[in-house]
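User: Could you take a close look at the side-chain contacts in this one, the charged pairs above all? I'd like to know which parts of the chain they bring together.

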Amino acid sequence: MKFQEMQLISPLLEAVEEVGYQEPTPIQEATIPLVLEGKDVLGCAQTGTGKTAAFALPILQRLFTMSKVEARGVKRPIRALILTPTRELALQIFESFEDYGSKLPLSSCVVFGGVKQNPQVSALQKGVDILVATPGRLNDLIDQGFIHLDKLEIFVLDEADRMLDMGFIHDVRRVIRQLPQKRQTLFFSATMPREVERLAMSILREPENVKVDPPTSTVDAINQKVYFVDKVNKRKLLAWLLEQPEVVSALVFTRTKHGADRVARDLKRDGIEAAAIHGDKTQGARQNALNRFKNGEIGVLVATDIAARGIDIAELSHVINYDLPEESELYIHRIGRTGRAGLEGDAISFCCYDEMENLRNIEALIGKTIEELVGPWPMEVFTSTPPAPRPPRSSGPRQRGSSSSRREGSSGSRRRSETASRPADRPADSRNSGQRPAPEAGEGQEGSGSSSRRRRRRRKAKKEI
Ligand code: AMP
């Protein structure tokens with residue numbers, strides 16, 4: 001199928017041609033006609049599938065063709081709202097609307113937290129048709145009376161599963177309460193756990209289901225490899241790997257913010273230019289690092305899951321999982337950053353003994369065994385990391401990041417195993433569950449801790465926005 005056969009108006013076809021798309025992706029083919037017809041859509045698709053254009057193009061067309069002429073002096077109301085979990089995604093979606101809508105007289109605006117609100121308020125006061133927002137800042141601006149959604153015609157809830165993971169469900173529900181009952185709703189999620197499905201059912205009206213590229217099939221296109229390596233040798237393995245000529249640009253994932261900083265610092269010490277992005281960095285620092293990476297100024301970006309979610313980097317050659325995620329689906333989201341739009345991509349994971357169970361879960365999810373590579377530092381430690389000693393409760397306020405520093409330190413002195421060879425048959429039961437250090441809060445990981453610890457993590461995760 002061609003874009004020309006999709007009933008899209010010529011200003012949109014011209015814009016699509018300008019951005020260089022030859023033909024619609026499967027999600028676009030399925031979604032665009034439904035949205036143009038005014039239907040509600042429940043889309044199961046991850047970033048990297050062309051999801052943004054799948055909703056942005058028909059939204060622009062509907063807003064344009066159903067244009068309302070406002071009386072002179074009356075501010076234009078917000079007619080479409082796209083709610084997305086992270087500021088990086090919000091910016092990308094906003095930029096897509098600007099690109100696709102470049103030939104139409106519609107205006108868009110983006111609001112997200114972590115930056116001053118005044119420029120956003122000024123932009124809103126000029127009147128916008130399309131608003132892209134993260135939930136926290138949106139609610140703040142609604143509370144202050146800067147945003148009114150009573151004239152909304154189209155609502156998009158993007159990355160719904162991530163919204164829930166990050167603890168935004170209440171913020172999302174607050175936003176939904178502001179919306180008029182009569183509206184078109186588009187709901188996108190990479191995965192559909194029961195809670196997400198319940199949310200979808202509560203806000204959609206007779207939705208059409210669109211399911212393309214379920215994560216397990218998308219990853220087939222990516223060359224996936226794993227090195228079994230001791231935790232202490234991951235640093236050396238990474239520096240060695242990044243020196244290989246086929247690694248042109250690499251997005252390196254760590255589980256924790258502290259880990260991301262440490263890896264970027266170690267790489268710099270090893271003479272490799274790298275930058276880290278995570279939720280503790282300012283918006284400016286994150287955007288700057290991302291731009292330098294996109295421009296090719298630096299070849300390595302080290303990121304946490306939440307910070308990297310949805311980041312669109314054209315022609316990323318490698319995704320490297322410095323740490324394997326505990327939540328298998330994060331693996332799919334991570335490696336989906338490479339191999340985009342039909343390009344070849346490589347995903348290389350480092351797996352130490354403590355992460356064997358994570359690897360097994362990932363392999364179960366993707367339905368195949370990840371091919372093993374043997375590097376210069378094969379695994380020699382076949383015992384779980386002992387639990388870090390707990391500091392006495394009375395030792396005063398906890399230092400930020402101190403527990404993870406201690407944990408990282410413990411691996412250096414870890415006992416070498418009696419076995420000296422690589423785990424050809426992968427040790428049967430490697431993980432000493434509950435003894436592994438929990439990931440730093442706010443990185444989309446759920447440890448085996450109590451619900452109050454989980455709640456605390458969720459609260460911290462919200463600060464990512
Ligand atoms: P998304 O899933 O919306 O984040 O899009 C992922 C990437 O695919 C972005 O770089 C888009 O610019 C690109 N893309 C979207 N639609 C198409 C298309 N029809 N043909 C080629 N690339 C596309």
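Analyst: Here is a walk through the salt bridges, followed by the aromatic contacts. Keep in mind that this is a predicted model.

The whole structure has 21 salt bridges. Let's start with Lys-51 and Glu-159, whose closest N and O atoms are 3.5 Å apart. Lys-51 belongs to helix α3 (residues 51–65), while Glu-159 is in the loop between β5 (154–157) and α7 (160–165), so this bridge ties together parts that are 108 residues apart in sequence. Both ends are tucked away: Lys-51 is buried at a relative accessible area of 4%, and Glu-159 is buried at 2%.

Next up is Glu-88 with Arg-286, where the closest N and O atoms come to 2.7 Å. Here the link runs from helix to helix: Glu-88 lies in α4 (residues 87–100) and Arg-286 in α13 (residues 283–294), so the pair ties together parts that are 198 residues apart in sequence. Again we're looking at buried residues, with Glu-88 at 4% relative accessibility and Arg-286 at 1%.

Then there's Asp-266 and Arg-235, which meet in a salt bridge of 3.7 Å, N to O. Asp-266 sits in helix α12 (residues 257–269) and Arg-235 in helix α11 (residues 234–242), 31 residues apart. The two ends of this bridge don't fall in one class: Asp-266 counts as buried at 10%, whereas Arg-235 is partly exposed, with a relative accessible area of 30%. This bridge also isn't on its own, as Arg-235, Asp-266, Arg-269 and Asp-270 are joined into one network by salt bridges that share partners.

Now for the rings. The count of aromatic pairs is seven. One of them is Tyr-353 with Phe-382, an edge-to-face pair with 6.3 Å from centre to centre and 85° between the planes. This contact goes loop to loop: Tyr-353 is in the one between β13 (346–351) and α16 (356–366), and Phe-382 is in the one between β14 (371–373) and α17 (402–412), 29 residues away. Tyr-353 and Phe-382 are both buried.

Elsewhere, Tyr-227, Trp-240, Tyr-322 and Phe-350 make up one aromatic cluster. Tyr-322 has a charged contact too: the charged end of Lys-234 sits over the Tyr-322 ring, 5.8 Å from its centre.

Methods. Residues numbered from 1 in each chain as written. Predicted model: local features only at pLDDT ≥ 70, side-chain atom pairs only at ≥ 80, totals over all residues. Heavy atoms only, no water. Salt bridge = Lys/Arg side-chain N within 4 Å of Asp/Glu carboxyl O. Helix = DSSP H or I, 4+ residues; strand = E, 2+ residues; numbered from the N terminus. Buried < 20%, exposed > 50% of the residue type's maximum accessible area, 1.4 Å probe, protein only. Phe/Tyr/Trp six-rings, centres within 6.5 Å; stacked < 30°, edge-to-face > 60°. Lys NZ or Arg CZ within 6 Å of the ring centre and 35° of its normal.
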